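Thank you all for making the time this morning. I would like to walk you through one structure, a few elements at a time, and I will put it on the screen now.

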Amino acid sequence: MALAAARARTLRALSRPRPPGRVPLPVPSRSRCSPAGAPGALPPGGYRAWRERAARDPAGFWADVARGWLRWDSPFHTAWQPGDTAGSARWFLGGRLNVSVNCLDQHVEKSPNRVALIWERDEPGTAVHVTYRELQDLTCRLANTLKKYGIQKGDRVAIYMSVSPLSVAAMLACARIGAVHTVVFAGFSAESLAGRIMDSGCKAVITYNQGVRGGRTIELKATVDEAVKNCPSIKHVFVAQRTDNKVHMGDRDIPLEEEMSKADSVCPPEPMDSEDVLFMLYTSGSTGKPKGIVHTQAGYLLYAALTHKYVFDYQQGDVFGCVADIGWITGHSYVVYGPLCNGATSVLFESTPVYPDPGRYWEVVQRLKINQFYGAPTAIRLLLNYGEEWVKKYDRSSLRVLGSVGEPINKEAWQWFYQVVGEGRCTLVDTWWQTETGGICIAPRPSEEEAEIVPAMAMRPFFGIVPVLMDENGEVIEGNDVSGALCIAQPWPGMARTIHGDHQRFIDAYFKAYPGYYFTGDGAYRSHEGYYQITGRMDDVINISGHRLGTAEIEDAMADHPEVPETAVVGYPHKIKGEGAFAFIVLKEQTAHVDHIKEELKTIVASKIAKYAVPDHILVVKRLPKTRSGKIMRRLLRKVVTEQSSNMGDVTTLDDPSVVKEILDAYQKYKEKNSS
């Protein structure tokens, strides 16, 4: 009943005429209703018809798209099997394919010399172009090397590398032989890497001797060495060379390029079942342990490719510039799998937005003639502070579409991105999605020709996405101009299938709060016109520079300090990073050298998680606000750091309500001290 109502509301919204008085943004001269350049084509009818059909007849819609878009070894017999329990939907049953064939071989057959990747290396002006034929050769040699050392279908392989063609080839090589890759962001600590390796049971690690970023050298191999000391499952560490510097090579270390030079350049692809695992990617939750999100073959690839094509108006010949790291889902979906499945030229950005100066992004746009630029609000806010001259110094006339990803973008940053970077002529898509969704779920495009875009709003659900808002009682909120918990009412092919090793945690995290719906963990507002605006996380997860991080992870790390019996971490608004971490700590009695302890805590968090997770502020308090059952009331701490103490709400459930005044006094003294 609720699903039917959600679908009906979606269909009504799709047929609603555009309200008067809004000024639509300019759209590219090429028709948005033309699927030219895509591997497949959507049926006639335009976007409204496609959205309506995807909501009304998901099995039929996705079956038609999948047959035309992907290359199959064996056709599927059932497009969608809903499943008898929450989170158990399956797609394209009976179908077999290989993801690397879809990303490489089919394009090599038609256009072997088309550029697949442009590696924008850290060193300015040293871009490397890699054709589809060259990437296929690299992938097959790497795949055969993995096979030589015993990596088989179903084995897990960790990839701990900076952004490069070889790191992309490592992902595709795993896909080619049926191994499961788990890419770990090359900024994570040895302990974080080890935890992911142990949880996933990886058999091998692929890494570089060192990484290079922002003019600095990063000791990747040394981090791997430290991590695998506690990982008995690791049999081999494949080491590639990013720099000329030598690193220690032990008994299980394999010089990767040397072995690849001996390997055959042809590797027969392993036919994979549609629902076989393609990769695992770890993401933070409201509990301390990161979750190994599992994505499967056909559904993920199809959804990544379709969203890449239609959200960004990708046309054959475009240079697509997503500046995300491959260690995050954005890099998976919109640097690697989506663009390569569509035969695109994808930019690999190894550097930082301010190296060697704040004009780096725009110099790259000019030199590479990038058509779509997809970046994070954190970077846009950072560059905004440097003024317009660094942008206007470079020719950005090639840009047609701008994109924002990772967190909601604020209006000031949106206007600067649109007016200054895009010169008021580029479509700007503020995209909302998650690691768990596989690809973009809500974005201003696709839409009908010349449809409006509201600044700093994700707006429209993609094909097959049926959003609903839920109230505190678990009831669907009807109508517009309302806010609630953002849920999705029906499955879509790109959604995650489980959490590795803990399917019950998957059910509890995403389907328990609102039975029958996928709960995103985000709140949202639905406007008068039926558009969606994301209002932020509803659980104890904060978004630092676009990286989702559970506050419990930081708390667990800090709790290792012998002088810190209790900690509580909350997020607070940060001008550049979007959100920052604010830690409240209780020290043991008679503890001295408080400032030294704070520095030790920062070091612990950096070593156990990553540098970006280090709290910006650490405040010592005598005690934390707890309920009578011992639960820490973090919402009160959030009120303190966001200076909403006049609206603390109900504190009668606290074991001792006087603790609130204690903390407010301590915060005020801390604020005065740090502002002087």
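Before I turn to the first element, let me say that two strands are taken as paired if DSSP finds at least two bridges between them. Please also keep in mind throughout that this is a predicted model.

With that in hand, consider strand S28, residues 541–544, which runs antiparallel to strand S29, residues 547–550, and is joined to S29 by four bridges. Within that pairing, Val541 stands opposite Gly550 in S29. The hairpin that S28 and S29 make has two residues between the strands, and Ser545 there takes a positive phi near 55°. In a regular strand the side chains alternate between the two faces of the sheet. In S28 both faces are covered, since Val541 and Asn543 on one side are buried, and so are Ile542 and Ile544 on the other.

Let me move to strand S4, residues 115–120, where five of the six residues are buried, so that S4 is largely enclosed by the rest of the structure. Which strands does S4 pair with? One partner is S5, residues 128–131, which is antiparallel to S4 and joined to it by four bridges, and the other is S17, residues 345–349, which pairs with S4 in the parallel sense, again over four bridges. Ile118 takes part in both pairings, having His129 as its bridge partner in S5 and Val347 as its bridge partner in S17.

Now to a single residue, Ser164, which is found in the loop between strand S6, 156–160, and helix H6, 165–177. Is Ser164 buried or exposed? Its relative accessibility is 0%, and because buried means under 20%, Ser164 counts as buried. The side chain of Ser164 makes a polar contact of 2.7 Å with the side chain of Tyr208, and, leaving aside residues up to four places away in sequence, Ser164 touches Trp119, Tyr208 and Leu348. Trp119 has a further neighbour to mention, as the charged end of Arg121 sits over the Trp119 ring, 5.5 Å from its centre. A similar arrangement can be described for Arg196, which lies over the face of Phe188 at 4.3 Å from the ring centre.

Turning to the aromatic residues, the count comes to 47 aromatic pairs. As one example, the rings of Phe312 and Phe320 have their centres 5.1 Å apart and their planes at 75°, and because planes over 60 degrees apart count as edge-to-face, that is how this pair is classed. Phe312 and Phe320 are both buried. There is also an aromatic cluster, which includes Tyr47, Trp50, Tyr303 and Phe463.

Helix H11, residues 329–341, has 13 of its 13 residues buried, so H11 is largely enclosed by the rest of the structure. After H11 comes Gly343, whose phi is positive, near 70°.

By contrast, Asp655, placed in the loop between helix H19, 634–641, and helix H20, 659–675, has 57% relative accessibility and therefore counts as exposed. The C-alpha atoms of Asp655 and Pro625 are separated by 7.8 Å, although these residues are 30 apart along the chain.

Finally, an unreviewed UniProt entry carries the annotation "domain: Acetyl-coenzyme A synthetase N-terminal" for residues 47–103. In the model, that span is 47% helix and 18% strand, and its end C-alpha atoms lie 26 Å apart.

Notes:
Residues are numbered from 1 along each chain as its sequence is written. This is a predicted model: local features need pLDDT of at least 70, side-chain atom pairs count only at pLDDT 80 or more; totals for chains, interfaces and linings use all residues. Side-chain values use heavy atoms; hydrogens and water are left out. Rings of Phe, Tyr and Trp (its six-membered ring) pair if their centres lie within 6.5 Å; planes under 30 degrees apart count as stacked, over 60 as edge-to-face and the rest as tilted. Buried means under 20% relative accessible area, exposed over 50%, partly exposed in between (1.4 Å probe, protein chains only). A charge sits over a ring if NZ of Lys or CZ of Arg is within 6 Å of the ring centre and within 35 degrees of the ring normal. A polar contact is a pair of N or O atoms within 3.5 Å; within protein, one must be able to donate a hydrogen and the other to accept it, and residues adjacent in sequence count only if both atoms are side-chain atoms. Contact means heavy atoms within 4.5 Å. UniProt positions are given in the numbering used here, feature names are shortened, and annotations may be inferred rather than shown by experiment.
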